[in-house]
Structures are given as structure tokens and as C-alpha cells.
Amino acid sequence: MRLTGDVTYSREVGEVFYKGLSASKELVRRGLAWWNSKYAADDLDLKRLEKAARKQKYGLWVEANPTPPWEWRRRYQ
């Protein structure tokens, strides 16, 4: 496992790699996570992977209108 990162918004932010694969990219590719354009606007790989997962209806994209975690938190916290 390899970790990369820096400090953003007074917290550590990084990326986890396992056997050469980015954990975040794998999660988005499989439809198990969102690409958050607010915090990763420049990561066009994540954008492309989410678009493909939506098209293939992988993971959470099997739902017609899944609720993003940031919207769920705003409603219920």
C-alpha cells in the first residue's frame, strides 16, 4: 500500500494505492462512490470514470436518483 497526500482545509488529504491501483478511482469506477467536482474538479479521470459507471448502471447508479452524501448530510444532520 502506498499513500500520497498533503494538508488541505486544515486536514490531511491523500490518496491510497494498492497494487498500483488508486482506491478512489476504483470506487468511482465500480459505482461505489461519487466524483466530487467541488474538491476534485481537476481530476478528469474521476469525472470520466463516474460518467462510465452511470452509463453502465454500476453500483449506486442502478438507482434512478441516488442521494449524494453531501446532500444527505445537509438534510439529516
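Two residues are taken to be in contact here when heavy atoms of each lie within 4.5 Å. On that count, and leaving aside residues up to four places away in sequence, Trp 35 touches Val 28, Ala 40, Ala 41, Asp 43, Leu 46, Lys 47 and Glu 50. The structure in question is a predicted model, and Trp 35 is a handy way into it. Trp 35 belongs to the largest nonpolar core, a set of five residues that also takes in Val 28, Ala 33, Leu 46 and Leu 49. In soluble globular proteins, nonpolar side chains tend to be buried together.

Stepping back to the whole chain, there are three helices and three strands, and along the sequence they come in the order β-β-β-α-α-α. Of the 77 residues, 21% count as buried. Looking at contacts with a separation of 6 or more, 32% of them are between residues 24 or more positions apart.

Helix 2 is worth a slower look. This helix covers residues 44-56, and at 1.5 Å a residue its 13 residues should span 18 Å; the C-alpha atoms at its ends do sit 18 Å apart, so the model agrees with the expectation. Its buried residues are Leu 46, Leu 49, Glu 50 and Ala 53. Viewed down the helix axis, these buried residues stay within an arc of 100°, so they line one face. An α-helix has 3.6 residues a turn, so residues three or four places apart point the same way. Turned away from the buried side of helix 2 are the exposed residues Leu 44, Arg 48, Lys 51 and Lys 55. As for what lies over the buried residues, the cover includes helix 1 (23-29).

The two ends of helix 2 have their own details. At the N-terminal end, Asp 43 acts as a cap, with a side-chain oxygen 3.2 Å from the backbone nitrogen of Asp 45. Just past the helix, Lys 57 adopts a positive phi of about 60°.

Glu 50, which sits in helix 2, is on the buried list too. Its relative accessibility is 6%, and because buried means under 20%, Glu 50 qualifies. Not counting residues up to four places away in sequence, Glu 50 touches Val 28, Trp 34, Trp 35 and Trp 61.

Then there are the aromatic rings. A pair of aromatic rings is described by the distance of the centres and the angle of the planes. The count comes to three aromatic pairs. One of them joins Trp 34 and Trp 70 edge-to-face, at 6.0 Å centre to centre with 70° between the planes. That pair links distant parts of the chain, 36 residues apart: Trp 34 is in the loop between helix 1 and helix 2, and Trp 70 is in helix 3 (residues 69-76). Trp 34 is buried, at 19% relative accessible area, while Trp 70 counts as partly exposed at 30%.

Another ring pair is Trp 72 with Tyr 76, whose centres are 5.1 Å apart and whose planes meet at 40°, so this pair is tilted. Trp 72 and Tyr 76 are four residues apart in helix 3, which means about one helical turn separates them. Trp 72 is partly exposed, with 44% relative accessible area, and Tyr 76 is exposed at 53%. Finally, ring pairs tie Trp 34, Trp 61 and Trp 70 into a cluster; two of its members, Trp 34 and Trp 61, are also among the residues that Glu 50 touches.

Methods. Residues are numbered from 1 along each chain as its sequence is written. This is a predicted model: local features need pLDDT of at least 70, side-chain atom pairs count only at pLDDT 80 or more; totals for chains, interfaces and linings use all residues. Side-chain values use heavy atoms; hydrogens and water are left out. Helices (H or I, at least four residues) and strands (E, at least two) are DSSP runs, numbered from the N terminus. The expected span of a helix is 1.5 Å times one less than its number of residues. Buried means under 20% relative accessible area, exposed over 50%, partly exposed in between (1.4 Å probe, protein chains only). The arc is that of the directions from the helix axis to the C-beta atoms. A polar contact is a pair of N or O atoms within 3.5 Å; within protein, one must be able to donate a hydrogen and the other to accept it, and residues adjacent in sequence count only if both atoms are side-chain atoms. Rings of Phe, Tyr and Trp (its six-membered ring) pair if their centres lie within 6.5 Å; planes under 30 degrees apart count as stacked, over 60 as edge-to-face and the rest as tilted. A nonpolar core is a set of buried Ala, Val, Leu, Ile, Met, Phe, Trp, Tyr and Cys residues joined through side-chain atoms within 4.5 Å.
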